[in-house]
Amino acid sequence: MLLRSAVVAAALLTVVGLAPARADDAARLLRQAITAPRTTSFVGEVQTLEIGESQTQASVYRIEHRAPDLTRRWYLAPQSLYGDSVLTHGEHRYSIDVHRNRVIVDENDAIDDQVAMDDNFGLLTTNYRAESAPDETVAGQRCRAVMLVNKHTGQTVMRIWIDAKTHLVLQKERYAANGALTSQTRFSNLRYTSAIPSQVFAVPTGFTRIQGSRRAQPSSDVNAAVKTAGFKARSPRYLPEGFIPVTGDVTDVNGVRTLHLLYSDGIRTISLFENAKDVAVDLSRYTARSVRFENHDAQYVEQGPITLLSWGEAGLHFALVGELSRTELIKIAASVVS
Amino acid sequence: MNQHISQDRLTDYLHHALAPEDDAAVYAHLQACPECAVAMRAETALTEALQRQAAAEERDLPSGVTATIWARVDELSAAPGFADRLRAWLRPAILVPAAAILVLGLFFAPQVFRHAPVSIDAAYYLDDHAAVNGTIPFGDASETIPASLTSTSDPVNASAVAVDPVTMTADAAP
C-alpha cells in the first residue's frame, strides 16, 4: 500500500514537473511555426476541406513558396478553378483568372503587421493551452502534433502538425464546439528547396488588370476606428468567453463608408461590418436562408464553416461573419441590436 | 350678302371684332339695307348708353395715390438699365468667388450626388474577413479561395480610410 502510494506520488510529481515544461515547449513550437514560412522555401501540394453545417468546400492546389514572402498557388481543383492561380508578393495579391482573362490586384497591409501578430499570439496563449500529442508523419516528414485547448470550455479547437525540423505547419484541423471537424489543410508531395525560378512568381501579361480592395493596416485602437466611421456605430454586448475587440478599420466600399470590427480569442474570429446608408448585403450568388431574432428579419449564408449573417436596424446595416456556430452568431447579433 | 345681318354679327362689327373681309361685307350691306342700318343705329345707341353709364359710375382715385404711382414710375425710369446691372454683377469681387464656387461644384457634384449602391456583394465581406485573419495565428487567409476567382462580377471597389494613430502597443496587448 505504501509502495503504491509512493509510485502514485512519484508519477504525480513527474507529471506536475513535466507538464509546464511540455506546455512551454509546445508554446515555443507554436511561435516557431508561425514564423517558419519567412525562412523556409518549399514546393508541394495542399488539400483543403472546409466543412459547414450544410455545405462543404474542397480544393487542391500546388504551392510554391520562396521565403520570405513570395507564394504561388495553382488550383488543380475544384474543376471551375482549374488553371487559376493566386500570387502573393508580400502585401500584394494577384488573383489570376484564366477563364475570364483577368488579374485582380488586392493590397493588404495587415499581412506584415508584426505588432498585431505578437498581440494576437499573446491572446492565443491567454485563452488556449497548448498540449503536445504523439508525433506523426505528414508528407514524409516527422511532425510534432500540438492541440490547442480552450481554457474556458476545455474543448480542443485546433490541432496542428508541425515539421520537427523546419517548423512548417504541414497539417491543420479545426473543430466545432461539439468536436466535429470543420476544416482540414494537409500537405503532400512536399519538397524543401529555395531553387524556385523568379518567373514562377511573375505576374503574367496579356490579362486585364482589375483593381480589387486596398486594405490598410487595421488599427488596434478600435475606438479610433469607430470615431472615423462618422456614424454612431454599435457593438455587441455579448461575446463568447475569451473574445475581445482586436482591430478596427474603415473602408469606402463602392462609396459606402463601412466600419469593420474584428473580435478574436486568438484563434477564432468574428467580423462585424456596419454602414449607415442602410446598404444591404447582396446574397444573390449564395443560397441565402432567413432567420428571425429580436423582431429582426435576417438572412444568412454559409461558406464551409464560415457563416455570414446580415440584417438592418434603424438606418444601419450589419453583416456578421465568423466561423462560430449559427446559434452563437445569432446570440451575438441579438446583443448588437438589443 | 342678301340676308340681313344677325344681332351677334352687328355687335362684333361695332366692336371691330370681325375679320377684314367680313367687316367689308357688313359695311357694304349696311349701305344698301335700310333695315340693317336701323338695327345698326339701335345697337350703336345701346352701346353708347352703356358706356355713358359706366363712365358715370367710375370713381376717380385719390390724388395722393395717383401722385405716388407716377412718382414710382419716374423712379423706375431713372433706375440703372440692364447693362448697368450686368456690369455691377461682373465686377471681380463677385465674379471670381462665383466662378470658383461653380468650378468646385462641377468637380464635386458627381461624387456628392452619385447614387449609393443598393447592396454590396457578400463576397466582399467574406474576403475582408479572411484578409484580416492574416495576423491571427494559424488563420492563414491563403487557405480561403478568393471570392474574386469564384465571382463573375467585377470586384467591389474598396479603399481604406485613414484611422487616427494607434494608441495601443504590443506592451498593452490584451
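**Exercise 1. Read along chain B and work out the order of its helices and strands.**

*Solution.* Start at the beginning of the chain and note each element as you meet it. In this predicted model, chain B runs α-α-α-α-α-α-β-α-α-β. Tallying the elements gives 8 helices and 2 strands for chain B. Next, look at burial: of the 174 residues in chain B, 20% are buried. Finally, take the contacts in chain B between residues at least 6 apart in sequence; 51% of them join residues at least 24 apart.

**Exercise 2. Describe the contact between chains A and B: how many residues does each chain give?**

*Solution.* Begin with the count: chain A contributes 78 residues and chain B 46 residues. On the side of chain A that touches chain B, helix H2 (residues 114-127) of chain A supplies the largest share, 11 residues. Sorting that side of chain A by residue type gives 37 nonpolar, 25 polar and 16 charged.

Now look for strand pairing across the two chains. Strand S13 (residues 244-253) of chain A pairs with strand S2 (residues 158-161) of chain B in the antiparallel sense, over 4 bridges. To find a spot on screen, go to Val253(A), which stands opposite Ala158(B) in S2(B).

**Exercise 3. Find the largest nonpolar core and name the residues with the most contacts inside it.**

*Solution.* A useful idea first: in soluble globular proteins, nonpolar side chains tend to be buried together. Here the largest nonpolar core has 51 residues, and the residues with the most contacts inside it include Leu308(A), Leu309(A), Tyr125(B) and Leu126(B). Helix H7 (residues 122-132) of chain B brings the largest share, 8 residues.

Zoom in on Leu126(B). Leaving aside residues up to four places away in sequence, Leu126(B) touches Gln303(A), Ile306(A), Leu308(A), Val321(A) and Ala147(B). Another core, of 30 residues, lies apart from the largest one; Phe42(A), Phe121(A), Tyr128(A) and Leu149(B) are among its members.

**Exercise 4. Explain why strand S9 (residues 156-163) of chain A counts as largely enclosed, then trace its partners.**

*Solution.* Check burial first: 6 of the 8 residues of S9(A) are buried, so the strand is largely enclosed by the rest of the structure.

Then take the partners in turn:

- Strand S8 (residues 141-150) of chain A pairs with S9(A) in the antiparallel sense over 7 bridges. Cys143(A) has Asp163(A) in S9(A) as its bridge partner. The hairpin has 5 residues between the strands, and Gly154(A) takes a positive phi near 80° there.
- Strand S10 (residues 169-175) of chain A pairs with S9(A), again antiparallel, over 5 bridges. Ile160(A) has Lys172(A) in S10(A) as its bridge partner. In this hairpin, with 5 residues between the strands, His167(A) takes a positive phi near 70°.

Terms used. Residues are numbered from 1 along each chain as its sequence is written. Chains are lettered from A and ligands numbered from 1 in the order in which they are written. Two residues are in contact if their C-beta atoms, placed from the backbone, lie within 7 Å. Ala, Val, Leu, Ile, Met, Phe, Trp, Tyr, Cys and Pro count as nonpolar, Asp, Glu, Lys and Arg as charged, and the others, Gly among them, as polar. Two strands pair if DSSP finds at least two bridges between them. A nonpolar core is a set of buried Ala, Val, Leu, Ile, Met, Phe, Trp, Tyr and Cys residues joined through C-beta atoms within 7 Å. A residue is buried if 20 or more other C-beta atoms lie within 10 Å of its own, exposed if 12 or fewer, and partly exposed in between; C-beta atoms are placed from the backbone.
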